[in-house]
Amino acid sequence: MGRADGFLTWKRQGAGRRAVDDRLDDFREFYAPRQDDLRMEQAGRCMDCGVPFCHQGCPLGNLIPDFNDAVYRGRWDEAYRSLASTNNFPEFTGRLCPAPCEAACVLAINDGAVTIEQIEKEIVELAWEEGRVVPQPPRVRTGRTVAVVGSGPAGLAAAQQLARAGHTVTLYERADRVGGLLRYGIPDFKLEKGVIDRRVAQLVAEGVVITCGVELGTDVRWDELVGTHDAVVLAIGATRARDLDVPGRDLPGVVYAMDYLEQQNRLVAGDLVADPIQATGKDVIILGGGDTGSDCLGTALRQGARSVRQIELFPQPPGTRTPDNPWPQWPLVFRTSSSQEEGGARDYALMTTHLEADATGALTRLHAVEVRFEGGRLEQVPGTETSLACDLLILAMGFVSPVTDTLVAQLGLRLDRRGNVAVDGFRTSVPNVYAAGDAQRGASLIVWAISDGRECARAVDTDLMGAERLPTRGRHEAFGGR
Ligand SMILES: Cc1cc2nc3c(=O)[nH]c(=O)nc-3n(C[C@H](O)[C@H](O)[C@H](O)COP(=O)(O)OP(=O)(O)OC[C@H]3O[C@@H](n4cnc5c(N)ncnc54)[C@H](O)[C@@H]3O)c2cc1C
Ligand code: SF4
């Protein structure tokens, strides 16, 4: 373990952030530069628990006490090898993960958890700086061909694992650039896109062939793809957005969060966007209190909105854990994201009833009513009707399911009752077709997408080769770990 009394000596000190005024001026990442003197101390707080609950909390089964100890001792190469053995892309999770490992850390029972996410980011960023992240092309080729459809974190992880196992992998993406929601959903102030590009260059050097601008099911039929590959992985995400069913929904000025976020990410990338949706000088309301809504809030603030308000249907969570939500469960408590820290107002338990337009037909007001949950049912509270100025309404109410129409029509693929791709151990109802990430799980997290991509690759490789060769959750990488 790090230092026996480290957790008594040093208090938790998390990742620093740039000052709000400074970061609102640009779309650069909001994280403060690294503080070299802090990182080893923070790793030294780890108690190397007999039962490391952090390890259980992490969907990837990251070997957290091992890399904490290595960081405390200054053994950065060892720390990186441990981290990379279970996580293909620690630079994504180190920036963006809600860190269920920290919620499960034993220190979190009565003190601040070890800053695991921050340590993870520092290990991988130093590894990039010092040239430890190098391509790992396979030593032996199997001659088997695999198509991975969708280049979000699930598709990228599956493609990398399968290429390292020696298969010939083609990654198909309908967008013009690789990355899925990392590229066109998550704003640059949370993830600058060069972070994706340098990892994609590694995949290409490992032999993954990337084909962008091809929509499977439309440009190429699914049955043709299946007929020309030994295996197909569906990593198409869950991109069908939940809609708002109220009078006025079709007014100009009501937009989906993903349309709004994608345009801003394209502007940052230097693309020409004709007539982009801009919040500048507007009263903006965002429906939905999750990650997507929070990303819209940060974007609207940077665009210079007159006011921004995020509305959530559910009641405000408590400030601390309730008795029925004990450690090491995920804490269902009130949180403030980096964007919420920057400004804007938040309303809870408020349901939109209708939208109002002015004489020109433009959106001007949102009408709502307070709601409460009675016996699990949503009830309007009489006499609480209200209306708010609004000339840009952003719908960020989550995602319903993957878009599967062509998969069902062309392959007869079976769906589960929520409309996700039905799987059994990542195998779909169609022979040689597999699914990973949000496509089979429903909208979730990056860490789960990477974990699914790895596990799905293992299922594909096992079926193709007749033996279990790739590692499973929390087990060291069989084909090296860089
Ligand atoms: C705005 C926003 C912010 C988020 N913030 C966070 C966060 O901070 N932390 C976190 O952990 N999670 C976050 N998430 C969730 C996270 O991004 C997703 O869970 C994750 O990206 C899912 O990965 P995936 O690979 O399954 O799918 P996706 O990332 O959705 O990728 C699917 C890819 O498949 C492509 N595709 C779909 N159909 C086809 C087809 N027919 N042919 C070719 N290509 C196709 C799509 O274009 C897309 O590129 C956020 C989500 C959103 C929307
Ligand atoms: S639970 Fe926390 S203190 Fe214990 S091993 Fe994991 S990171 Fe270290």
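Here is a short tour of this predicted model, from its domains to its two ligands.

## How the chain is divided

Let's start with the big picture. The domain assignment splits the protein chain into domain 1 (6-129), domain 2 (145-239 + 400-465) and domain 3 (243-397). Domain 2 is written as two stretches, 145-239 and 400-465, and the range of domain 3, 243-397, is given as one.

Domains 1 and 3 have their centres 31 Å apart, going by C-alpha atoms. They do meet, though: 12 residues of domain 1 are in contact with 10 residues of domain 3. On the domain 1 side of that meeting place, helix 4 (53-57) and helix 8 (100-104) are the elements that give two or more residues. Helix 8 gives the most there, with 3 residues. Sorted by class, this side has 10 nonpolar residues, 1 polar and 1 charged.

## A parallel sheet with a helix on it

Next up is an open sheet of 5 strands, with parallel pairing and the order 3-2-1-4-16. Its edges are strand 3 (209-212) and strand 16 (433-435), each of which pairs on one side only. On average, neighbouring strands of this sheet are turned by 20° against each other, ignoring direction.

Take a look at the end of that order, where strand 4 (residues 231-234) runs parallel to strand 16 and 3 bridges join the two. One detail to pick out here is Leu234, whose bridge partner in strand 16 is Ala435. Helix 19 (residues 446-465) packs on the sheet and touches strand 1 (145-149), strand 4 and strand 16. The direction of helix 19 makes about 170° with that of strand 4.

## Around ligand 1

Which residues are closest to ligand 1? They are Gly150, Gly152, Gly180, Gly237 and Gly437, from a shell of 37 residues. By class, that shell divides into 19 nonpolar, 12 polar and 6 charged residues.

Several elements each supply at least two residues of the shell: helix 10 (153-164), strand 2 (168-173), helix 15 (291-303), helix 18 (438-441) and helix 19. So helix 19 turns up twice in this tour, packing on the sheet and helping to surround ligand 1. Domain 2 and domain 3 each contribute at least three residues to this shell.

## Around ligand 2, and a buried helix

Ligand 2 has 15 residues around it, and the closest are Cys46, Cys49, Pro52, Cys54 and Cys105. Helix 4 and helix 5 are the elements that give two or more residues to this shell, with helix 5 providing the largest share, 3 residues. The class count here is 13 nonpolar, 1 polar and 1 charged.

Why is helix 5 (residues 64-72) described as largely enclosed by the rest of the structure? Because 8 of its 9 residues are buried. Among them are Ile64, Pro65, Phe67 and Tyr72. Helix 5 is followed by Gly74, which has a positive phi near 75°.

## A hairpin to finish

Last stop: strand 11 (residues 363-374) and strand 12 (residues 377-380), which run antiparallel and are joined by 4 bridges. Within this pair, Val371 stands opposite Gln380 in strand 12.

How many residues lie between the two strands of this hairpin? There are 2, and Gly375 in the turn has a positive phi of about 55°.

Conventions. Residues numbered from 1 in each chain as written. Chains lettered and ligands numbered in written order. Predicted model: local features only at pLDDT ≥ 70, side-chain atom pairs only at ≥ 80, totals over all residues. Pairing = 2+ DSSP bridges. Axes fitted to C-alpha atoms, helices over the stretch in contact; angles between N-to-C directions. Contact = placed C-beta atoms within 7 Å. Near = placed C-beta within 6 Å. Nonpolar A, V, L, I, M, F, W, Y, C, P; charged D, E, K, R; others polar. Domains from an automatic or database assignment. Buried ≥ 20, exposed ≤ 12 C-beta atoms within 10 Å, placed from the backbone.
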